[in-house]
Amino acid sequence: TSPQQVAGVLRHEVQDILSQCCVDPALNRALVWSLSQPGRILNQGKRFGWSILPLLVCDWCGGAWRKATPAAAAIELWLTAGDVFDEVEDHDLPGLWHEIGEAQAVNAGTTLLFLTQAAVLRLRGCGFADSLIVSVMQEITRAGTRSCDGQHRDLVGESLIEFTEEDYFGMTGMRSGALIECACRVGAVLA
């Protein structure tokens, strides 16, 4: 199984989820814009994001990786929501908030979070037991709250005069580390 093959299947899953969600064309454009940024699944660049990790780990553990695609889509939607919120909080450029305003960007980020849940629920249609679906949601929730804690430390740290190297690595581990760990654990749970 190649990363290109996995990314293509994941891209199709995300597009299918988007096609079923939004009535408002402006909201749909905002979601597509966010999911098309560098490193995101709808960007046609060669860089692969972390959202393919659940599928690769599932495959490496002997699972049917294609069946786990909704979970990888959930990770992609969740990571993208986090990026949207981070861009608003930090006023990063380019950012969706700069394109459509902060309030609409926050709404798009919130929509992505709800789509994360919808994607996880699609696992039922792939034959996964409810107990495994709950486990996936628990992994995402655990990592999400840990990531938010790390983001809060980052926001507070920006106003501190003394933000140590140890503080920085602790904050990064809570943010990025939690996301990578979650993506891998989800793949293992579904293997």
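Here are some short exercises on the structure above, each with a worked solution.

This is a predicted model, in which local features need pLDDT of at least 70, side-chain atom pairs count only at pLDDT 80 or more, and totals for chains, interfaces and linings use all residues. Residues are numbered from 1 along each chain as its sequence is written, and side-chain values use heavy atoms, with hydrogens and water left out.

**Exercise 1: helix H4 and its end**

Work out how the span of H4 fits its residue count, and find which residue follows the helix.

*Solution.*
- Start with the element itself: helices (H or I, at least four residues) are DSSP runs, numbered from the N terminus. H4 covers residues 69–90.
- Next, take its span. The expected span of a helix is 1.5 Å times one less than its number of residues. H4 has 22 residues and reaches 31 Å from its first C-alpha to its last, close to the expected 32 Å.
- Now look at its surroundings. Buried means under 20% relative accessible area, exposed over 50%, and partly exposed in between (1.4 Å probe, protein chains only). Of the 22 residues of H4, 17 are buried, and the helix is mostly covered.
- Finally, step past the end. His-91 follows H4 and has a positive phi, near 55°.

**Exercise 2: the loop between H4 and H5**

Describe the backbone at His-91 and at the bond from Leu-93 to Pro-94.

*Solution.*
- Recall the usual case: most residues other than glycine have a negative phi, and most peptide bonds are trans.
- His-91 lies in the loop between H4 and H5, and its phi is positive although the residue is not glycine. With a relative accessible area of 43%, His-91 is partly exposed.
- Pro-94 sits in the loop between H4 and H5, the latter covering 96–100. The peptide bond leading from Leu-93 to Pro-94 is cis, with omega near -5°.

**Exercise 3: two residues of H7**

Which residues do Glu-139 and Ala-143 contact, leaving aside neighbours within four places in sequence?

*Solution.*
- Place Glu-139 first: it belongs to helix H7, residues 130–157. Ala-143 lies in H7 too.
- Check their exposure. Glu-139 is buried at a relative accessible area of 9%, and Ala-143 is buried at 7%.
- A helix geometry reminder helps here: an α-helix has 3.6 residues a turn, so residues three or four places apart point the same way.
- Then list the contacts (heavy atoms within 4.5 Å). Glu-139 touches Cys-182, Arg-185 and Val-186. Ala-143 touches Trp-78, Ala-178 and Cys-182.

**Exercise 4: Leu-55 and Arg-66**

Is Leu-55 buried or exposed, and which residues does Arg-66 touch beyond four places in sequence?

*Solution.*
- Leu-55 is found in helix H3, residues 53–60. Its relative accessible area is 0%, so Leu-55 is buried.
- The distant contacts of Leu-55 are Val-6, Leu-10, Trp-65, Ala-68, Thr-69 and Ala-72.
- Along the chain, Leu-55 and Ala-191 are 136 residues apart, yet their C-alpha atoms are separated by 9.0 Å.
- Arg-66 lies in the loop between H3 and H4 and is partly exposed, with a relative accessible area of 46%. Arg-66 touches Gln-5 and Val-9.
- Arg-66 and Val-6 are 60 residues apart in sequence, with 8.1 Å between their C-alpha atoms.

**Exercise 5: the largest pocket**

Which element gives the most to the lining of the largest pocket?

*Solution.*
- Fix the term first. On a 1 Å grid over the protein atoms alone, a pocket is an open set of points where a 1.4 Å probe fits, with protein on both sides within 12 Å along at least five of seven lines; lining residues have an atom within 4 Å of a point.
- The largest pocket is lined by 38 residues, and Leu-79, Gly-82, Asp-83, Ser-147 and Leu-179 lie nearest its centre.
- The elements giving two or more residues to this lining are H4, H6 (102–121), H7 and H8 (165–189).
- H4 gives the most, with eleven residues.

**Exercise 6: a charge and a ring**

Where does Lys-67 lie relative to Phe-128?

*Solution.*
- Apply the rule: a charge sits over a ring if NZ of Lys or CZ of Arg is within 6 Å of the ring centre and within 35 degrees of the ring normal.
- Lys-67 lies over the face of Phe-128, at 4.9 Å from the ring centre.
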